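Student: I am new to this structure. Could you take me through it in short questions and answers?

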Amino acid sequence: MCALAFPVLAQGDAKRGAYLAKAAGCAGCHTEVKKNAVLYAGGRELKTPFGTFHGPNITPHAEAGIGRWSEADFLRALRTGVRPDGAHYFPAFPYPSFTQIADADARDLWAYMRSLPPDSRASRPHDLSFPFSLRFLVGFWKWLYFSTGPFVADAGRTPALNRGAYLVGALGHCGECHTARTALGGPKRDRLLAGAAKGPEGKSVANLTPAKLKKWDDHELREFLLGGITPDGDVAAETMGEVIRNTTSQLTPEDLTAVIAYLRSLPAIADEPR
Amino acid sequence: MKKSFFAATAAVVLGVGVAQSAFAQVKPEILVKQRQAKMILQGKYLGPLFAVAQGKAPYNAAAVQRDAGFLDNLTRMAWDGFDPSTRNEKSRALPAIYDNNAKFKEYANRLENEVSRLVTLSKGGDEAAVKAQISAIGKTCGGCHDDFRQK
């Protein structure tokens, strides 16, 4: 009732939120893979060893999307991986990374998501193999692999390195693909960003630690993250190509510098033996 | 004109026939080097085209046509470099190439077709269409690498 009498000003900044949505690559999972697909109306298939996930509609449509959500629902989803009705999200939704997003950024993201036109595209239910289809089992997975809480800056690191760590670890959620996983789909913590022979979609994923990245100089790495092309005319594999188009090419120059600096600062970890 | 045309055709047909049986005996490590050379040269001519598509280099119709022409030949070369005999050679080629060869061939055909399309478009005046086609080629390269090349 009060909400009608006193229009609630969005606490978040939708313009900042638009940038954060790019940095977090939300469109990648929440948009159909086809020409002129409506952004954030859902549809992307993620084929994993546990079955196929279908990215849901997160436009502010009251039935098809998240139009009935409150800001608190949104913050809770990101921070704890829980739906407004209390059920667990499958960690295909990368809340183990998004939990690190700062409250202020989450509010800006919410303001942006609210500002989008509602779309009625119906979300498809996931198509998972038993027993991975049992949502309550995610509680066990969370106990093994997930701790909630926003990013805490490391006082021993420069602000730029902390910013890079935040962009890579929280928003960019790069580790969701670039960190190898156990058979139960949890991250191998001793292999942070060191790549995987079989990523979430069964394809090999690059090692981002200095063990491999030392082969690239800063200019090459920057050009690659901006355009997806290497100096010798080689092209990013398409899964990453999409990330480059949607996310890394959209970062401010300072943010891209921070990402590169952070990757260079990682402990060098050799590829997993094949 | 007719005589030399038929003579040329006969030479090509016979040459291909002879060459194919010769290829069957080429050592796998040489086949691998040949296919890698093809890829390196594709990159050589794609690099300047990507720069044009991304607005980092000015559009020069003659240069685009020339590079597209080189690519048109290169994309059709050395696919025999992925002969089953090369499976165990050391390279970034993934086993999926051999296990899922039908899909690999689809990507190969797609690349050839997309580059042919670029050749045609590069002779027209539509810069935007040429740039869009170069990006489409980039996605085709990336699509194949995604599934069939070690990262």
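Student: Which residues of α2(B) are buried?

Tutor: This is a predicted model, where local features need pLDDT of at least 70, side-chain atom pairs count only at pLDDT 80 or more, and totals for chains, interfaces and linings use all residues. Residues are numbered from 1 along each chain as its sequence is written, while chains are lettered from A and ligands numbered from 1 in the order in which they are written. A residue is buried if 20 or more other C-beta atoms, placed from the backbone, lie within 10 Å of its own, exposed if 12 or fewer, and partly exposed in between. The buried residues of α2(B) are B:Val32, B:Arg35, B:Met39, B:Gln42, B:Tyr45, B:Leu46, B:Leu49, B:Phe50 and B:Ala53.

Student: What covers the buried residues of α2(B)?

Tutor: Helices (H or I, at least four residues) and strands (E, at least two) are DSSP runs, numbered from the N terminus. The cover of the buried residues of α2(B) includes two such helices of chain B, α3 (61-76) and α6 (127-148).

Student: How far apart are the end C-alpha atoms of helix α2 of chain B?

Tutor: The expected span of a helix is 1.5 Å times one less than its number of residues. Helix α2 of chain B covers residues 28-53, 26 residues, so it should span 38 Å. The model agrees: the end C-alpha atoms are 36 Å apart.

Student: Where in α2(B) does the kink lie?

Tutor: The bend at a residue is the angle between axes fitted to the seven residues ending there and the seven starting there. In α2(B) the kink is about 30 degrees. The proline B:Pro48 follows shortly after the kink, which lies at B:Leu46.

Student: Which residue just after α2(B) takes a positive phi?

Tutor: Look just past the end of α2(B). The phi there is about 75 degrees, and the residue is B:Gly55.

Student: Now chain A. What is the distance between the centres of domain 1 of chain A and domain 2 of chain A?

Tutor: Chain A is divided into domain 1 (10-145) and domain 2 (159-265). These bounds come from an automatic or database domain assignment. Taken over C-alpha atoms, the centres of domain 1 of chain A and domain 2 of chain A are separated by 22 Å.

Student: Which element gives the largest share of the side of domain 1 of chain A that touches domain 2 of chain A?

Tutor: Two residues are in contact if their C-beta atoms, placed from the backbone, lie within 7 Å. The contact takes 20 residues from domain 1 of chain A and 20 residues from domain 2 of chain A. On the domain 1 side, α2 (14-24), α3 (26-30), β1 (45-48), α5 (95-98) and α7 (138-145) of chain A each supply at least two residues. The largest share of that side, 4 residues, comes from α2(A).

Student: What is the strand order of the open sheet in chain A?

Tutor: Two strands pair if DSSP finds at least two bridges between them. In chain A, 4 bridges join β1(A) to β2(A), and β2 (residues 51-54) pairs with β3(A) over 2 bridges. Pairing in this sheet of 3 strands is antiparallel, and the order is β1-β2-β3.

Student: Which residue in β2(A) stands opposite A:Leu46?

Tutor: A hairpin joins β1(A) to β2(A) through 2 residues. The two strands run antiparallel. Opposite A:Leu46 in β2(A) stands A:Phe53.

Student: Is A:Asn36 buried or exposed?

Tutor: A:Asn36 sits in the loop between α3 and β1 of chain A. Its phi is positive, about 60 degrees, although A:Asn36 is not a glycine. Because 5 other C-beta atoms lie within 10 Å, A:Asn36 is exposed.

Student: And A:His173, is it buried or exposed?

Tutor: A:His173 is in the loop between α8 (159-171) and α9 (175-178) of chain A. A:His173 too is not a glycine, yet has a positive phi of about 40 degrees. With 22 other C-beta atoms within 10 Å, A:His173 is buried.

Student: Which residues does A:Arg135 contact, leaving aside its neighbours within four places in sequence?

Tutor: A:Arg135 lies in the loop between β3 and α7 of chain A. A:Arg135 and A:His88 are 47 residues apart in sequence, but 6.2 Å apart in space, C-alpha to C-alpha. Beyond those neighbours, A:Arg135 is in contact with A:Ala87 and A:His88.
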